[in-house]
Amino acid sequence: MNTPPSPSGAEHTDGSSIRLGALVPLTRPGWVEAGRHLLAGLDLAVREVNDAGGIDDRPLELVVRDTAADPERAAAAVDELAHLGVAAVVGEYHSVVARAAAARADALGVPFLCSSAVLDTLTEAPTEWVARLAPAQSYGWRIYADFLLRTGRRRIAVATQPSVYWASGTRVLRDHLAPRGSTVLELDATLTPGALCDALVDHGATALLLLVGHPEPAVPIVRAVRGDRRLAEILIGAPAGQPEFAEWAAALGEDGAGIPFLRYLPERLGPLGERVGKELHERLGEAPSFVAFEGWDTVAVLAAVLRAHGTDRAAIAGSWPRVAVEGTRGPIQFSRTPGIGVWQWAWTPIQVVDRDPAEPDRFRILHAG
């Protein structure tokens, strides 16, 4: 769990910096591209805070730990970061990993602002220590289910792997779709791509949702379905957002277009979002994903909290219900949401989008919630 060099401008401070621990998947089996975008957003915001004089003339410093999509590694990182004296912990993309980090932060009394993970049960019991920017899975995936209904897709198959996150997503879809006359069939993603295609034909599926990891087994499944003439009319979907990143387009080309996924952006960014988006584009060398904006917004919230309430951990955690910050995607405030034990931004803008088959580098907004 070595810390990569931080380009945030705080690496040569004299020890008076305010440290923020950052949990990011930077190596496999973590979703490395998502981690790279998340870190770019976190780091850009830290640099901007420091360029503006820091927090009461003290620079922010990111202390980055690679979670590699490993819950135990994330929990151990929270222990280490707490010992290092961080004011708060931020970040993480993978829901199961964020859940482990949230549990440890709650146990240690360390504020944790989760940037990207959506699992509803981020903590088993209500906590004052954890807040989250990403929308809860039950909220976003119901919007995705509404999109399926609107497009007339009633026989839904999900290719899924064993995971609390995928099981939760399947349950959200079934609970929302079944009362509205749709069926949800679970298919084991360990099936060979050919056997999976046969099952889709036998079921008469009109949509296949990829509740699986990327690039394996998502990429070979997409190739097999796209290459099967029996399934020419089936909709392939990926609510978890696999097609968001350039890595998807590079791996699949035209086959990766026309696959709707959830994206947490407004239809049009305001002036702040436009400015930050341009900066992120320069840093990443490609269009920033919504995950990069989540990273920037995370630090913007913490910077405002630190200016108003100082670095005391209890004071930071106690400030969640009083947060009112202009983020890149709209005004950010936290509240208590039924069934969710953390302070939640309710709600970030949500879109269902896909890559345009005629121009795979361009995204089309298909539905908004």
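**Figure 1. The largest pocket of the predicted model has a volume of about 630 Å³.** Its lining is made up of 31 residues. Trp31, Tyr93, His94, Tyr165 and Trp166 are the lining residues that lie nearest the centre of this pocket.

**Figure 2. Helices in the lining of the largest pocket.** Helix 3 (95–108) and helix 5 (164–177) each contribute at least two residues to this lining. Helix 3 gives the most, with three residues.

**Figure 3. Residue classes in the lining of the largest pocket.** Nonpolar residues number 19 in this lining, alongside ten polar residues and two charged ones.

**Figure 4. The second largest pocket holds about 460 Å³ of space.** A set of 21 residues lines this pocket. Nearest the centre of the second largest pocket lie Arg263, Leu265, Ala287, Pro288 and Phe363.

**Figure 5. Strands in the lining of the second largest pocket.** Strand 15 (351–356) and strand 16 (359–368) are the elements that give two or more residues to this lining. The largest share comes from strand 16, which supplies three residues.

**Figure 6. Residue classes in the lining of the second largest pocket.** Here the lining residues divide into ten nonpolar, eight charged and three polar. For the largest pocket, the corresponding division is 19 nonpolar, two charged and ten polar.

Key. Residues numbered from 1 in each chain as written. Predicted model: local features only at pLDDT ≥ 70, side-chain atom pairs only at ≥ 80, totals over all residues. Heavy atoms only, no water. 1 Å grid on protein atoms, 1.4 Å probe; cavity = no way out; pocket = protein on both sides within 12 Å on 5 of 7 lines; lining within 4 Å. Points joined across faces, edges and corners; volume = space filled by probe spheres on them. Helix = DSSP H or I, 4+ residues; strand = E, 2+ residues; numbered from the N terminus. Nonpolar A, V, L, I, M, F, W, Y, C, P; charged D, E, K, R; others polar.
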